[in-house]
Amino acid sequence: MSLLAEPLIQRMLIVGVLVGMAAPVMGTYLVQRRMALLGDGIGHVALAGVAAGWLAGAAFDLAQQDALAIPGAVVFAIIGAVVIERMRSRGTAADIVMAILFYGGIASGVLLIGLAGGSNANLLGYLFGSISTVTWGDVWMSVGLAALILVVGLGLRAALFSVTHDQEFARSTGLPVDALNMVVAVLAAVTITVAMRVVGVLLVSALMIVPVAIAQQLTRSFSRTMHLAMGIGAVLTLTGIWITVFQDIQPGSLIVVLGVALYVVVAVVTSLLKRVRR
Amino acid sequence: MRSAVSDPSSTPDVPSPLVEARDVRVALQGTEILHGVSMTARPGEVVALLGGNGSGKSTFVRSVVGAVPTTGGSIDLFGAPASPQSRARLGYVPQRITAAGGVSATAIEVVTSGLLGSRERDGRVGSRLRGLVPPRDARARARAALDSMGVEDLAKRDVSRLSGGQQQRVLIARALVRHPRLLILDEPMAGVDLQSQVAFAHTLGHLKEEGVGIVVVLHELGALARHIDRAVVLEQGCVTYDGVPPKDLGVHALPGHDHEHPHTDPAPRDGSSLGLEGP
């Protein structure tokens, strides 16, 4: 119990549970739209935003040079998400757009961090996560952004389901399809920047998608899949973070490995149960 | 264009059209698909849109429901220019290709989505903001719509695992849950088993009796033939016939006809005179 009184542990667990619950909400919509890898594309753009934030911090001669890194990531991720959504709605090949974002984001990130006088080592925390460095300021920002994701993602679930399930029908009912598509894209971008601190840019998509993939094997309802994925995401992040309190392991990679292992276990068990029932 | 009927609007007691398209033009990716299509559908009237692949049938109904923009002409719904508000009174059943997404969804979830968007209540169309969340009695209404299509027992089943006919009935229930005055269906019989075709024909007759106007895109009249009041035939984006439906459809009227044998040139009478395929 004494460990739970440690402010660092408290911060890590608060951010972990928020991210673990919020990421699968948007992940459900991305999987529904068959754009599971969108998070990777936006994550790479967010990395360029992190580096741009560093550059801005250096230009303004801020005491804490990475003070603008997360705001920079939020801005770049949202711009990237809007660009991807506009390309998608115009029928541009999604894989090509995604590839350009992958390469452009990483290359720009490395280039800008160099121009800011930093090194690639400064980017590692963002590439692989750095939850042990979160401040109370980071926690409050995470609380705010996660609340936004949960309120909008859950509150508009029926409308967002309709748009991601059958866009043509949704348009015929008078739903503001373009605006709702943009909501999904922007919230996905916000989710990625919040989750970036926990698992890093390279694994951010996994936290959005893997809990959904696990939940899908256990239920046939869209809303239940989302709720179950939120629970799985929270348990995975809390478990991963708690283990790393005692073991010197990178939390982001552990959370994702735990998720993938759970996916395999659930897949095997459900497959066996189906055979037994036959 | 040939016409086999006189203009109904000239008769005083003929009700006003639910949909009236005049000289509608649609271009997709720079290519004009519809070259001035005009048609109407009135309360209690079932209009079949017929034509071969690429004739523009689906593009036309998609323009009516607002899924594709028009580049010319006009579309009136319920006596006013088509708008999100006027579309609140129509039900749309798109082609069944979109029945399943990447995440499983139950039939009742799919049907409940039909209660979103602009919706009519007490004769008034609600605000768009209210249309973002389903009404409180959404589940009960969705169950009633599924029941009307005879698939209430499938409410909690994953839509993607249902048969083609069952999926189609769920999509029709999604349109009917809105209690539309005008129902637009795009190829509802494609890939549908005989039992579902007969059930749908029964539903169509019932809706017609209630005064619902119906526009249905078909490859052939098939099981629906006895309910069709008027046929509009499209060829290469133009209306080539608008009038009484063909009576003798031969093998093409049979449900499940698979189109695998070569067609002969149409004879100058029967359904073939309308540009439809002959036996």
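Among contacts in chain B between residues at least 6 apart in sequence, what percentage join residues at least 24 apart? In this predicted model, the value is 70%.

**Chain B**

Chain B has 279 residues, and 48% of them count as buried. Its secondary structure consists of 5 helices and 13 strands. Two domains are assigned in the chain: domain 1 covers 1-78 + 181-279, and domain 2 covers 98-180. Domain 1 of chain B is thus written as two segments, 1-78 and 181-279.

Where the two domains of chain B touch, domain 1 contributes 13 residues and domain 2 contributes 10 residues. On the domain 1 side, strand E10 (182-186) and helix H5 (194-209) of chain B each supply at least two residues. The most comes from H5(B), with 5 residues. By class, this side of domain 1 of chain B has 7 nonpolar, 4 polar and 2 charged residues.

**Chain A against chain B**

The contact between the chains involves 28 residues of chain A and 28 residues of chain B. On the chain A side, at least two residues each come from helix H1 (7-32), helix H7 (157-165), helix H8 (167-172), H10 and helix H11 (222-246). H7(A) has the largest share of this side, 6 residues. The residues of chain A that touch chain B comprise 10 nonpolar, 12 polar and 6 charged.

The class make-up of the two sides described so far is set out below.

| Side | Nonpolar | Polar | Charged |
|---|---|---|---|
| Chain A, touching chain B | 10 residues | 12 residues | 6 residues |
| Domain 1 of chain B, touching domain 2 of chain B | 7 residues | 4 residues | 2 residues |

**Helices H9 and H10 of chain A**

H10 of chain A, one of the helices that supply residues to the side touching chain B, also packs against a helix of its own chain, H9. Helix H9 of chain A spans residues 177-199 and helix H10 of chain A spans residues 204-216. Their axes are 7 Å apart and meet at an angle of about 105°. H9(A) and H10(A) are therefore roughly perpendicular to each other, since angles of 65 to 115 degrees are counted in that class.

From H9(A), the contact uses A:Thr191, A:Ile192, A:Ala195, A:Met196 and A:Val199. From H10(A), the residues are A:Val204, A:Ala206, A:Leu207 and A:Met208. The contact of H9(A) with H10(A) has 8 nonpolar residues, 1 polar residue and no charged residues.

Technical notes:
Residues are numbered from 1 along each chain as its sequence is written. Chains are lettered from A and ligands numbered from 1 in the order in which they are written. This is a predicted model: local features need pLDDT of at least 70, side-chain atom pairs count only at pLDDT 80 or more; totals for chains, interfaces and linings use all residues. Axes are lines fitted to C-alpha atoms, for helices over the stretch in contact, and angles run from 0 to 180 degrees between N-to-C directions. Helices (H or I, at least four residues) and strands (E, at least two) are DSSP runs, numbered from the N terminus. Angles under 35 degrees count as roughly parallel, over 145 as roughly antiparallel, 65 to 115 as roughly perpendicular and the rest as oblique. Two residues are in contact if their C-beta atoms, placed from the backbone, lie within 7 Å. Ala, Val, Leu, Ile, Met, Phe, Trp, Tyr, Cys and Pro count as nonpolar, Asp, Glu, Lys and Arg as charged, and the others, Gly among them, as polar. Domain bounds come from an automatic or database domain assignment. A residue is buried if 20 or more other C-beta atoms lie within 10 Å of its own, exposed if 12 or fewer, and partly exposed in between; C-beta atoms are placed from the backbone.
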